Amino acid sequence: MSLRKNLELTEWHMEPSRMTLYRFGNTSSSSLWYELAYSEAKGRIKKGDRIWQIGFGSGFKCNSAVWRAMRAIDPAKEKNPWMDEIDEFPVRVPKVAPLVY
C-alpha cells in the first residue's frame with residue numbers, strides 16, 4: 001500500500017509535491033521547501049495551521065518536522081520561487097506505470 005493511502009492523503013495534499021517534482025525535478029531535500037512555498041503561493045497557509053513536512057531518503061533515512069504558522073501568508077507580499085507562474089498550476093501530469101524489473 002502506498003504512503004499516500006496509509007496517511008489518507010488526498011490529491012489536494014499531494015499537489016505541492018507533484019507540482020514541485022514537475023517544475024523543479026528531484027531536488028532532494030530542498031523539495032520540501034519548494035512544496036511549502038507552493039502551498040504559501042496558493043494561499044493555503046493560514047495563521048495557526050500546522051504543516052507536517054516529511055522526507056524520505058535512500059535506505060532508512062527519514063526526517064520530519066511539524067511547523068505552526070504564526071501568521072497568514074499573503075502570497076502577493078512574499079518572495080517565493082513559484083510566484084512568477086503559480087497561476088499556471090496545478091498542471092495535469094499523466095500517471096505512468098511503475099518500472100518493473
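**Salt bridges, cores and strand pairing in the predicted model**

R4, E11 and R18 are linked in a network of salt bridges (a side-chain nitrogen of Lys or Arg within 4 Å of a carboxyl oxygen of Asp or Glu). The model is predicted, so local features need pLDDT of at least 70 and side-chain atom pairs count only at pLDDT 80 or more, while totals for chains, interfaces and linings use all residues. Residues are numbered from 1 along each chain as its sequence is written, and side-chain values use heavy atoms, with hydrogens and water left out.

Under the salt-bridge rule, the count comes to 7. Within the network, R4 pairs with E11, their closest N and O atoms being 3.5 Å apart. E11 in turn forms a salt bridge with R18, where the closest N and O atoms are 2.5 Å apart. Each member of the network is partly exposed: R4 has a relative accessibility of 26%, E11 has a relative accessible area of 38%, and the value for R18 is 33%. Here buried means under 20% relative accessible area, exposed over 50%, and partly exposed in between (1.4 Å probe, protein chains only). Side chains of opposite charge can pair when their charged atoms come close.

A further salt bridge joins R23 to D84, with 3.1 Å between the closest N and O atoms. R23 lies in helix 2 and D84 in the segment after strand 2 (62-68), so this pair ties together parts that are 61 residues apart in sequence. R23 is partly exposed, with a relative accessible area of 23%, whereas D84 is exposed at 60%. Helices (H or I, at least four residues) and strands (E, at least two) are DSSP runs, numbered from the N terminus.

Helix 3 spans residues 31-41, and its buried residues are S31, E35, L36, A37, Y38, S39 and A41. These buried residues pack against helix 2 (11-24) and strand 1 (50-56). S39 is found in helix 3 and counts as buried at 12% relative accessibility. Neighbours within four places in sequence aside, S39 is in contact (heavy atoms within 4.5 Å) with P16, R44 and I45. Just after helix 3, G43 takes a positive phi of about 75°.

The largest nonpolar core has 7 residues in all, namely M19, A37, Y38, A41, W82, I86 and F89. Helix 3 supplies the largest share of this core, 3 residues. A second, separate core has 5 residues, among them I45, I51, A69 and I73. A nonpolar core is a set of buried Ala, Val, Leu, Ile, Met, Phe, Trp, Tyr and Cys residues joined through side-chain atoms within 4.5 Å. Leaving aside neighbours within four places in sequence, M19 is in contact with Y38, W82, F89, P90, V91 and V93.

Strand 1 and strand 2 run antiparallel and are joined by 7 bridges; two strands pair if DSSP finds at least two bridges between them. In this pairing, Q53 has A65 of strand 2 as its bridge partner. The two strands form a hairpin with 5 residues between them, and G59 in the turn has a positive phi of about 65°. The covered face of strand 1 consists of I51, Q53 and G55, and its uncovered face of R50, W52, I54 and F56.

W52 and F56 also belong to a nonpolar surface patch of about 510 Å², which is completed by L3, L7 and V66. Patches are made of residues with over 30% relative accessible area and no salt bridge, with like charges joined within 9 Å and nonpolar side chains (Val, Leu, Ile, Met, Phe, Trp, Tyr) within 5 Å. Accessible areas come from the Shrake-Rupley method with a 1.4 Å probe; for residues, only the protein chains shown count as cover. L3 lies in helix 1 and is partly exposed, at 43% relative accessibility. L7, in the loop between helix 1 (3-6) and helix 2, is partly exposed with a relative accessible area of 32%. The C-alpha atoms of L7 and S30 are separated by 22 Å, the two residues being 23 residues apart along the chain.
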